[in-house]
Amino acid sequence: MDSQGDNSQSSLSTNVQKLAFRTKGKRTSDVYRKKAVWDNHKYEVFISICLEEVQAGNKPSQTLNKVGYMNLSAKFNERCGIIYEKDQLKNHWDTTRKDWQMWKALQKETGLGWDEQKKTYKMPHEWWSQFAQVLIELLKYMLQY
């Protein structure tokens, strides 16, 4: 093989390596981005920092602003030693917000019992089955749009 053939082989190898580092069609970095894993400690730190940013005025609408996300990222890294990218933090914000909305909706239900030991709602299995069915139907409707 001549030197030009070696260069094209090298170029092909480099291009293949570059493609291997793409995640969901986006170039993230020269290393694979780790999946965000949220244990109880990280979740508590996340919530605490979000509350700090809301109190600091860095949530002008339904989500944090640019400064809020920069602070969230820096503080989260400092307290947990893990670097998550803005879209990972935003996804967790959105998921947490939906969970909070569901929690608030459950609080409005009359007749709900509270299990102090488990810190959760206490209702008969039939009630939860009916609630889950309503939720599934609602999600089907929401996913259509």
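Modeller: Welcome! Helices here are DSSP runs of H or I with at least four residues, numbered from the N terminus. Please keep in mind that this is a predicted model.

Biologist: Thanks! In which helix is Glu53 found, and is Glu53 buried or exposed?

Modeller: Let's place the residue and then look at its cover. Glu53 belongs to helix α2. Its relative accessible area is 1%. Buried means under 20%, so Glu53 in α2 is buried.

Biologist: Which residues does Glu53 touch, not counting those up to four places away in sequence?

Modeller: A charged residue with a relative accessible area of 1% makes that a good thing to ask. With those up to four places away in sequence set aside, the residues that Glu53 touches are Asn58, Lys59, Leu64, Val67, Gly68, Asn71 and Lys75.

Biologist: Let's step back to the whole fold. What pattern does the protein chain follow along the sequence?

Modeller: The chain has five helices and four strands. Placed in sequence order, they give the pattern α-β-β-α-α-α-β-β-α.

Biologist: What share of the residues in the protein chain is buried?

Modeller: The chain has 145 residues and exposes about 11,400 Å², of which carbon and sulfur atoms supply 55%. Counting residues under the 20% cut-off, the buried share is 18%.

Biologist: Which element gives the most to the largest nonpolar core?

Modeller: This core has 12 residues, among them Val45, Phe46, Tyr69 and Trp93. Elements giving it two or more residues are α2, α3 and α4. With four residues, the one that gives the most is α2.

Biologist: Which residues does Tyr69 touch, leaving out those up to four places away in sequence?

Modeller: Tyr69 is a member of that nonpolar core, as are Leu64, Leu89 and Trp93. Those three appear again among its contacts, and the full list is Thr63, Leu64, Lys86, Leu89, Lys90 and Trp93.

Biologist: Now the largest pocket: how many residues does α2 give to its lining?

Modeller: About 430 Å³ of space lies in this pocket. There are 13 lining residues, and those closest to the centre are Ile47, Leu51, Thr96, Arg97 and Trp100. Both α2 (40–55) and α4 (86–108) give two or more residues to the lining. The most comes from α2, and the number is six.

Biologist: By class, what does the lining of the largest pocket have?

Modeller: Thr96 and Arg97, both among the residues closest to the centre, count as polar and charged. Over the whole lining, the classes come to three charged, two polar and eight nonpolar.

Biologist: Why does His92 count as buried?

Modeller: His92 has its place in helix α4. Leaving aside neighbours within four places in sequence, this histidine contacts Trp38, Tyr43 and Phe46. Buried means under 20%, and His92 counts as buried because its relative accessibility is 9%.

Biologist: And in which loop is Lys119, with its positive phi, found?

Modeller: Most residues other than glycine have a negative phi. Lys119 is not a glycine, yet its phi is about 60°. Its location is the loop between β3 (113–115) and β4 (120–122).

Biologist: Finally, what distance separates the C-alpha atoms of Leu135 and Met102?

Modeller: Leu135 lies in helix α5 and is partly exposed, with a relative accessible area of 26%. Along the chain, Leu135 and Met102 are 33 residues apart. In space, their C-alpha atoms are separated by 9.8 Å.

Methods
Residues are numbered from 1 along each chain as its sequence is written. This is a predicted model: local features need pLDDT of at least 70, side-chain atom pairs count only at pLDDT 80 or more; totals for chains, interfaces and linings use all residues. Side-chain values use heavy atoms; hydrogens and water are left out. On a 1 Å grid over the protein atoms alone, a cavity is a set of points where a 1.4 Å probe fits but cannot get out, and a pocket is an open set with protein on both sides within 12 Å along at least five of seven lines; lining residues have an atom within 4 Å of a point. Grid points are joined across faces, edges and corners, and a volume is the space filled by probe spheres set on the points. A nonpolar core is a set of buried Ala, Val, Leu, Ile, Met, Phe, Trp, Tyr and Cys residues joined through side-chain atoms within 4.5 Å. Buried means under 20% relative accessible area, exposed over 50%, partly exposed in between (1.4 Å probe, protein chains only). Contact means heavy atoms within 4.5 Å. Accessible areas come from the Shrake-Rupley method with a 1.4 Å probe; for residues, only the protein chains shown count as cover.
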